[in-house]
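Here is a short report on charged pairs and nonpolar packing. Keep the 3D view open as you read.

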Amino acid sequence: MRARDKAAVSALRATLAALDNAEAVPVDEAGARGPALEQSPVGAGATEVARPELSEHGVVEIVRAEAAERLEVAAQLTAPAHADRAARLRAEAAVLLGLLDGHGAP
């Protein structure tokens, strides 16, 4: 049970990071340079930008992609020395696919 918890924690942390990255505000080249100092916005929250929100479908697609990535890497780890890592990746993928049971997971 303890090993399964580690797989779940690892998979969920990585997937939450992927979801967080997907909701990040895109930085374009002009926005990265910014305006001239005298044209800079002033005041609390003047430079804040709303983060885009993922739809439920978008969340499902990211979770599905995270699971698929783990299964793909596990399939590539064929050497006996990598059997433990492959098993851990398959366990992580199973956790993620288990979350998608109600969303038409493959």
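Buried means under 20% relative accessible area, exposed means over 50%, and partly exposed lies in between (1.4 Å probe, protein chains only). The model is predicted: local features need pLDDT of at least 70, side-chain atom pairs count only at pLDDT 80 or more, and totals for chains, interfaces and linings use all residues. Residues are numbered from 1 along each chain as its sequence is written, and side-chain values use heavy atoms, with hydrogens and water left out.

**Salt bridges**

Side chains of opposite charge can pair when their charged atoms come close. A salt bridge here is a side-chain nitrogen of Lys or Arg within 4 Å of a carboxyl oxygen of Asp or Glu. By this rule the count comes to four salt bridges. The table gives three of the pairs, including one with Asp20.

| Acidic residue | Basic residue | Closest N to O distance |
|---|---|---|
| Asp20 | Arg51 | 2.8 Å |
| Glu61 | Arg64 | 3.0 Å |
| Glu92 | Arg70 | 2.7 Å |

Start with Asp20 and Arg51, which form a salt bridge. Asp20 lies in helix H1 (residues 2-22), while Arg51 lies in the loop between helix H2 (29-33) and helix H3 (56-76), so the pair ties together parts that are 31 residues apart in sequence. Helices are DSSP runs of H or I with at least four residues, and strands are runs of E with at least two; both are numbered from the N terminus. Asp20 is partly exposed, at 43% relative accessible area. Arg51 is partly exposed too, at 42%.

Next comes Glu61 with Arg64. Both residues sit in helix H3, three residues apart, which puts about one helical turn between them. Glu61 is partly exposed, with a relative accessible area of 34%.

**The pair Glu92 and Arg70**

Are these two residues buried or exposed? Glu92 counts as buried, at 4% relative accessibility. Arg70 also counts as buried, at 8%. Their side chains meet in a salt bridge. Glu92 lies in helix H4 and Arg70 in helix H3, so this pair ties together parts that are 22 residues apart in sequence. Glu66 joins in: Glu66, Arg70 and Glu92 are linked in a network of salt bridges.

Now look around Glu92. Contact means heavy atoms within 4.5 Å. Leaving aside neighbours within four places in sequence, Glu92 is in contact with Ala7, Ser10, Ala11 and Arg70. On the same basis, Ala11 touches Arg70, Glu92 and Leu96.

**The nonpolar core**

In soluble globular proteins, nonpolar side chains tend to be buried together. A nonpolar core is a set of buried Ala, Val, Leu, Ile, Met, Phe, Trp, Tyr and Cys residues joined through side-chain atoms within 4.5 Å. Which residues make up the largest nonpolar core? There are seven: Ala11, Val60, Val63, Ala67, Ala93, Leu96 and Leu100. H3 and H4 are the elements that give two or more residues to this core. H3 supplies the largest share, three residues.

**Arg90**

Finally, find Arg90 in helix H4 (residues 83-99). Arg90 is partly exposed, with a relative accessible area of 44%. Not counting residues up to four places away in sequence, Arg90 touches Leu71, Ala74 and Ala75. Arg90 and the core residue Ala67 are 23 residues apart in sequence and 8.5 Å apart in space, C-alpha to C-alpha.
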